[in-house]
Amino acid sequence: MVLADLGRKINTALHELTKAPVIDEKVLDAILKEICGALLMADVNIKLVGRLRENVKKAVNINDIGGGVNKKRIIEKAVMDELFDLVDAHTDVYKPTKRKSSIFLMVGLQGAGKTTTCTKLASYYQRKGWKTALVCADTFRAGAFDQLKQNATKAKIPYYGSYTEADPVAIALEGVEKFKADKFEIIIVDTSGRHKQEAELFEEMKQISAAVQPDSTIFVMDGTIGQAAESQAKAFKEAADFGSIIMTKMDGHAKGGGAISAVAATQSPIVFIGTGEHLHDLERFEPKPFIRKMLG
Ligand code: GDP
């Protein structure tokens with residue numbers, strides 16, 4: 001179930017509150033059943049769904065509250081609060097400082113949208129007046145440097161990479177050192193991915209991370225992968241200890257539940273979502289507006 005459908009289902013369930021002549025435990029249970037069913041179909045982890053149900057019931061305490069309108073509002077608020085909580089990691093997001101070099105290390109599987117996202121993120125900061133540069137440390141995928149070069153040129157962002165150097169750690173370090181010396185404020189390092197999680201990839205990520213000492217490691221995750229999101233996020237968290245997540249392809253058939261479960265599994269905030277293939281298709285992610293938009 002895609003996000004818009006999930007929002008519609010939850011809205012329909014909440015609308016039942018207006019129709020019911022009396023709002024009692026049975027009505028609340030029926031509504032929660034609808035909402036929880038929709039969340040499960042959107043691939044939200046079953047434990048999180050169970051927790052939402054319990055927390056809403058606890059917060060509402062149906063037998064102790066007064067009349068109709070009041071009950072409806074209390075239930076709606078309890079459901080909304082729990083939905084906000086699902087996508088909120090309750091941790092601070094790294095914030096760069098002007099006139100200092102901040103290094104962002106981007107990690108994720110091949111095809112997740114890492115290279116595209118690097119340029120989108122660079123362009124986002126550049127438009128906000130930060131001195132921004134890109135480093136391509138992906139020596140695994142043929143054409144990765146060309147892709148980054150093309151994107152960076154189009155967006156007018158300085159870049160660094162090599163056609164001859166095969167060691168991604170050496171390139172990452174050289175690029176970061178060069179841009180640091182030139183007083184760049186945001187230095188975004190693109191790393192290579194693999195088709196699946198594997199030891200070699202994780203080892204490479206660790207070495208690059210040790211070499212460039214990132215201020216912020218960002219996990220780029222495909223928003224369409226559904227239930228696999230949770231274990232993938234956990235594996236990357238263990239190997240790369242990322243601080244935040246960018247969820248891509250949220251414009252397409254993203255179920256969204258994967259994103260929600262990834263936040264909960266790693267307690268790491270989603271900072272941006274990718275909403276298309278173009279340079280400007282990157283939106284800041286905020287839990288409350290995201291849920292409100294989903295509910296329409
Ligand atoms: P990488 O292997 O992780 O570096 O992935 P790429 O950056 O090469 O992206 C893989 C594909 O996903 C490309 O066709 C991108 O245009 C596409 N892509 C990346 N982000 C988004 C997004 O937010 N929405 C959509 N629809 N496509 C995206």
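How many bridges join strand β1 (residues 102-107) to β5, and do the two strands run parallel or antiparallel? Four bridges join them, and the strands run parallel. The legends below describe close-up views of a predicted model, for which the mean pLDDT of the chain is 92, with 98% of its residues at 70 or more. The scores of the model are ipTM 0.99 and pTM 0.92.

**Figure 1. Strand β1 is paired with both β4 and β5.** On the β5 side, the four bridges link parallel strands, and within this pairing Met106 has Ile218 as its bridge partner in β5, while Val107 stands opposite Phe219 of that strand. Towards β4, five bridges join β1 to a strand that likewise runs parallel to it, and here the bridge partner of Ser102 is Ile186. Strand β1 is mostly covered, with six of its six residues buried. This covering applies to both faces of the strand, since Ser102, Phe104 and Met106 lie on one side and Ile103, Leu105 and Val107 on the other, and all are buried.

**Figure 2. Strand β5 (residues 216-222) is buried along its seven residues.** The residues of β5 point in two directions: Ser216, Ile218, Val220 and Asp222 one way, and Thr217, Phe219 and Met221 the other way, with all of them buried. Two of these residues also appear in the pairing with β1, where Ile218 is the bridge partner of Met106 and Phe219 stands opposite Val107.

**Figure 3. Strands β5 and β6 with helix α9 make a right-handed β-α-β unit.** Helix α9 spans residues 228-240, and strand β6 spans residues 244-248. The two strands of the unit run parallel and are joined by five bridges; in this pairing, Phe219 of β5 has Ile245 as its bridge partner in β6.

**Figure 4. A salt bridge between Lys57 and Glu25 ties helix α3 to helix α2.** The side chains of Lys57 and Glu25 meet at 3.3 Å, taken from N to O. Because Lys57 lies in helix α3 (residues 46-60) and Glu25 in helix α2 (residues 25-41), the pair ties together parts that are 32 residues apart in sequence. Both partners are partly exposed, Lys57 with a relative accessible area of 25% and Glu25 with one of 34%. The pair is one of 17 salt bridges that the structure holds.

**Figure 5. Asn45 lies in the loop between α2 and α3.** With a relative accessible area of 17%, Asn45 is buried. The side chain of Asn45 reaches the backbone nitrogen of Lys47 at a distance of 2.6 Å.

**Figure 6. Arg194, Glu198, Glu200 and Glu204 are joined into one network by salt bridges that share partners.** Within this group, Glu204 forms a salt bridge with Arg194, and the closest N and O atoms of the two residues are 3.2 Å apart. The pair links distant parts of the chain, with Glu204 in helix α8 (residues 199-212) and Arg194 in the loop between β4 (186-191) and α8, 10 residues apart. Both Glu204 and Arg194 are buried.

**Figure 7. Asp182 and Lys178 meet in a salt bridge through their side chains.** The distance between the two side chains is 3.6 Å, from N to O. Asp182 is partly exposed, with a relative accessible area of 36%, and Lys178 also counts as partly exposed, at 37% relative accessibility.

**Figure 8. The ligand is surrounded by 17 residues.** Of these residues, Gly111, Lys114, Thr116, Asp251 and Glu277 come nearest to the ligand. The view also includes contacts to oxygen atoms of the ligand from both backbone and side-chain atoms: a backbone N or O atom of Ala112 lies 3.2 Å from a ligand oxygen, and a polar backbone atom of Lys249 is 3.0 Å from an oxygen atom of the ligand. From Lys120, an N or O atom in the side chain is 3.4 Å from an oxygen atom of the ligand.

Note on methods
Residues numbered from 1 in each chain as written. Predicted model: local features only at pLDDT ≥ 70, side-chain atom pairs only at ≥ 80, totals over all residues. Heavy atoms only, no water. Buried < 20%, exposed > 50% of the residue type's maximum accessible area, 1.4 Å probe, protein only. Pairing = 2+ DSSP bridges. Right-handed = clockwise from strand over helix to strand, strands pointing away. pLDDT = per-residue confidence, 0-100. Salt bridge = Lys/Arg side-chain N within 4 Å of Asp/Glu carboxyl O. Near = heavy atom within 4 Å. Polar contact = N/O pair within 3.5 Å; in protein donor to acceptor, adjacent residues only side chain to side chain.
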